[in-house]
Amino acid sequence: MLFITWQVAILEYNENSYQSEKPAMYVCICNSVTDKAIHKAVAGGVRTFAELQEQTAVSTCCGQCTSCAKQVMADALSAQPVPQAIRWMPQRMVSA
Ligand code: FES
C-alpha cells in the first residue's frame, strides 16, 4: 500500500526533466505548481508571497502547501543576485 503525504516530494517526469540538473518537485498539488515554477516566478520579479499566489496560484486552494511554498520562495529569493547599492551623492549646497 502506498501512502502519499503532502510532505512527500512527487517528482515530475516530463519531457523536459532530462535536460535540467534535477527534476521538478511539486509544491502545490491542487494547482500543479512546481519548485521550478516558483524559482522562475522569483527570477521574473516576484517578491512577495501574494504576488507568487497571483502569478502561479500556489496555495490558493486547500493551503496545505503554504509553508513549503514559502520555504521554496525564500530559497529562490536568497539565490537571486544582490542588486548593486544605489549610490547617492549629495549635491553641493550652492549659496546665492
Ligand atoms: S496543495 Fe497547494 S493549495 Fe492545496
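User: At roughly what angle do the axes of helix 1 (residues 35-43) and helix 3 (residues 66-78) cross?
Analyst: In this predicted model, the axes of helix 1 and helix 3 come within 9 Å. Their crossing angle is roughly 45°.

User: Are helix 1 and helix 3 parallel, antiparallel, perpendicular or oblique to each other?
Analyst: The axes cross at roughly 45°. Angles under 35 degrees would count as roughly parallel, and 65 to 115 as roughly perpendicular. Helix 1 and helix 3 are therefore oblique.

User: Is the crossing of helix 1 and helix 3 left-handed or right-handed, and how many residues of the contact are nonpolar?
Analyst: The crossing of helix 1 and helix 3 is right-handed. Helix 1 contributes Asp35, Ile38, His39 and Val42 to the contact, and helix 3 contributes Ala69, Val72, Met73, Ala76 and Leu77. By class, one residue of this contact is charged and one is polar, while the number of nonpolar residues is seven.

User: Which residues of helix 2 make the contact with helix 1?
Analyst: Helix 1 and helix 2 (residues 49-56) pack at an angle of about 115°, and their axes are 10 Å apart. This crossing is right-handed. From helix 1 the contact takes Ala37, Ile38 and Ala41; from helix 2 it takes Leu52, Gln55 and Thr56.

User: How many charged residues does the contact of helix 1 with helix 2 have?
Analyst: The contact of helix 1 with helix 2 has four nonpolar residues and two polar ones. The count of charged residues is zero, that is, no charged residues.

User: Why does Val46 count as buried?
Analyst: Val46 is placed in the loop between helix 1 and helix 2. Beyond residues up to four places away in sequence, Val46 touches Ala41, Glu51, Leu52 and Gln55. A residue is buried if 20 or more other C-beta atoms lie within 10 Å of its own. Val46 counts as buried because its C-beta neighbours inside 10 Å number 20.

User: What distance separates the C-alpha atoms of Val46 and Leu77?
Analyst: Val46 belongs to the loop between helix 1 and helix 2, and Leu77 is among the helix 3 residues in contact with helix 1. Val46 and Leu77 are 31 residues apart along the chain, and their C-alpha atoms are separated by 9.0 Å.

User: Is Ala57 buried, exposed or partly exposed?
Analyst: Ala57, in the loop between helix 2 and helix 3, has a positive phi of about 70° although it is not a glycine. Most residues other than glycine have a negative phi. With 15 C-beta neighbours inside 10 Å, Ala57 is partly exposed.

User: Is Ser59 buried or exposed?
Analyst: Ser59 is found in the loop between helix 2 and helix 3. Ser59 has a positive phi of about 60° and is not a glycine. Because 22 other C-beta atoms lie within 10 Å, Ser59 is buried.

User: In what order do the elements of the protein chain run from the N terminus on?
Analyst: The protein chain has three strands and three helices. From the N terminus on, the order is β-β-β-α-α-α.

User: Over which residues is the pLDDT below 50?
Analyst: The protein chain averages a pLDDT of 81, and 65% of the residues score at least 70. One stretch has a pLDDT below 50, and beyond near neighbours in sequence it has 14 contacts in the model. Where pLDDT is low, the predicted coordinates should not be read in detail. The stretch is residues 1-19.

How values were computed. Residues are numbered from 1 along each chain as its sequence is written. This is a predicted model: local features need pLDDT of at least 70, side-chain atom pairs count only at pLDDT 80 or more; totals for chains, interfaces and linings use all residues. pLDDT is the predictor's confidence in each residue, from 0 to 100. Two residues are in contact if their C-beta atoms, placed from the backbone, lie within 7 Å. Axes are lines fitted to C-alpha atoms, for helices over the stretch in contact, and angles run from 0 to 180 degrees between N-to-C directions. Helices (H or I, at least four residues) and strands (E, at least two) are DSSP runs, numbered from the N terminus. Angles under 35 degrees count as roughly parallel, over 145 as roughly antiparallel, 65 to 115 as roughly perpendicular and the rest as oblique. A crossing is left-handed if the near helix is turned anticlockwise from the far one by less than a right angle, and right-handed if clockwise. Ala, Val, Leu, Ile, Met, Phe, Trp, Tyr, Cys and Pro count as nonpolar, Asp, Glu, Lys and Arg as charged, and the others, Gly among them, as polar. A residue is buried if 20 or more other C-beta atoms lie within 10 Å of its own, exposed if 12 or fewer, and partly exposed in between; C-beta atoms are placed from the backbone.
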